[in-house]
Amino acid sequence: RPFVTEDENIRSKYRCTLGRETAIQKMEWTKDGWLRMADGEKMAKLYVEESSLPQHPFQAPVIRDDFNGEKLLNFYYSPRISAKRFCDLKSRKGWLRIRGQEALTSLNKVSLLCRKLTSINASFTTKMEFEPKHFQQSAGIVIYYDNMNYTYLRKYYSESLGGSALSLQQMENGQRKQWLDERVLLEREDAIYLKIEICGRDCQFSWSIDNNSWMKMGPSIDTSLYSDEYCKYGEFTGTMVGVCCLDRMCHREYADFDYVEYKELD
């Protein structure tokens, strides 16, 4: 843009991608049923008295989910509808099967299973099997704020390339962008590995056939685009990373995911 105000520069500098954050404070319930700061003030304190509650051990966060259980773990999210409507852990043991539905821009039936980004440095990886038969069918990995703001590394059927291909697709405040020159035509319908690596404001997508040699897909994306400060629709959800499947034609084609792995990085 030819001119950027000082306020816009400040907002750009302090964009936050982590959504709601929790701080332990001393609180009390008022007589009329409201939860308030114990000292009657409104600002959080840097130091608080140690709690007298007994210690309680919590399990370490799950890094890798191999989908060996009978139901999804409780840290997954799906927009507006229950994941039970499109996720299947029974048809293929040890795999998550996602039945495709509407586009990621939809506000209705979207087959997206994601988890919250909990660090400004993280990686998210999956192994996927998917055989698209029509250009309206795709599946892959996504960084997501809302239906108008996401970047999607997808495997889909390309009519112009004549087969299954990989491409990167971005929605930025409702404006679609694709890197068509970087599309990759896949030679076989083998399993494929997909990865998102986030390092501060740099978000890089990549793919691999063997989980060893990785190839970048598209440029580095500015992670701060997925924040309340940048997104016009500001739903205060924070950034998510996840897997999805689309079948905009019949809502029945599916993709299988062997695992998802989420790591917080130093």
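This passage walks through the fold, the surface and the charge pairs of one protein chain. The model is a predicted one, so local features need pLDDT of at least 70 and side-chain atom pairs count only at pLDDT 80 or more, while totals for chains, interfaces and linings use all residues. Residues are numbered from 1 along each chain as its sequence is written, and side-chain values use heavy atoms, with hydrogens and water left out.

Let's start with the overall picture. The chain's secondary structure consists of one helix and 17 strands; here helices (H or I, at least four residues) and strands (E, at least two) are DSSP runs, numbered from the N terminus. Measured out along its principal axes, the C-alpha trace spans about 65 × 55 × 35 Å. Of the 266 residues, 44% count as buried, where buried means under 20% relative accessible area, exposed means over 50%, and partly exposed is in between (1.4 Å probe, protein chains only). Contacts (heavy atoms within 4.5 Å) often reach far along the sequence: among those between residues at least 6 apart, 62% join residues at least 24 apart.

Next comes the surface. About 16,100 Å² of the chain is exposed, and carbon and sulfur atoms supply 50% of that area; accessible areas come from the Shrake-Rupley method with a 1.4 Å probe, and for residues only the protein chains shown count as cover. Met27, Trp29 and Leu35 make a nonpolar surface patch of about 350 Å². Patches are made of residues with over 30% relative accessible area and no salt bridge, with like charges joined within 9 Å and nonpolar side chains (Val, Leu, Ile, Met, Phe, Trp, Tyr) within 5 Å. Met27 itself sits in strand 1 (residues 27–29) and, at a relative accessible area of 36%, is partly exposed. Elsewhere, Asn212 is found in the loop between strand 14 (202–208) and strand 15 (215–222), and counts as exposed because its relative accessibility is 60%. Its C-alpha atom is 9.4 Å from that of Tyr193, a residue 19 positions away along the chain.

Now for the charges. Side chains of opposite charge can pair when their charged atoms come close. By the rule that a salt bridge is a side-chain nitrogen of Lys or Arg within 4 Å of a carboxyl oxygen of Asp or Glu, the count comes to 13 salt bridges. One of them joins the side chains of Glu129 and Arg92 (2.9 Å, N to O). Glu129 belongs to strand 7 (residues 121–129) and Arg92 to the loop between strand 4 (87–88) and strand 5 (96–99), so this pair ties together parts that are 37 residues apart in sequence. Glu129 is partly exposed at 29% relative accessibility, and Arg92 is partly exposed at 25%. Both also belong to a network of salt bridges that links Arg92, Arg97, Glu129 and Asp256.

Another salt bridge brings together Glu253 and Lys133 (2.9 Å, N to O). Glu253 lies in the loop between strand 16 (240–247) and strand 17 (254–264), and Lys133 in the loop between strand 7 and strand 8 (137–146), so the pair ties together parts 120 residues apart in sequence. Glu253 is buried at 16% relative accessibility, whereas Lys133 is exposed at 56%. Lys263 and Glu261 also meet in a salt bridge (3.7 Å, N to O); Lys263 is partly exposed at 36%, while Glu261 is buried at 17%.
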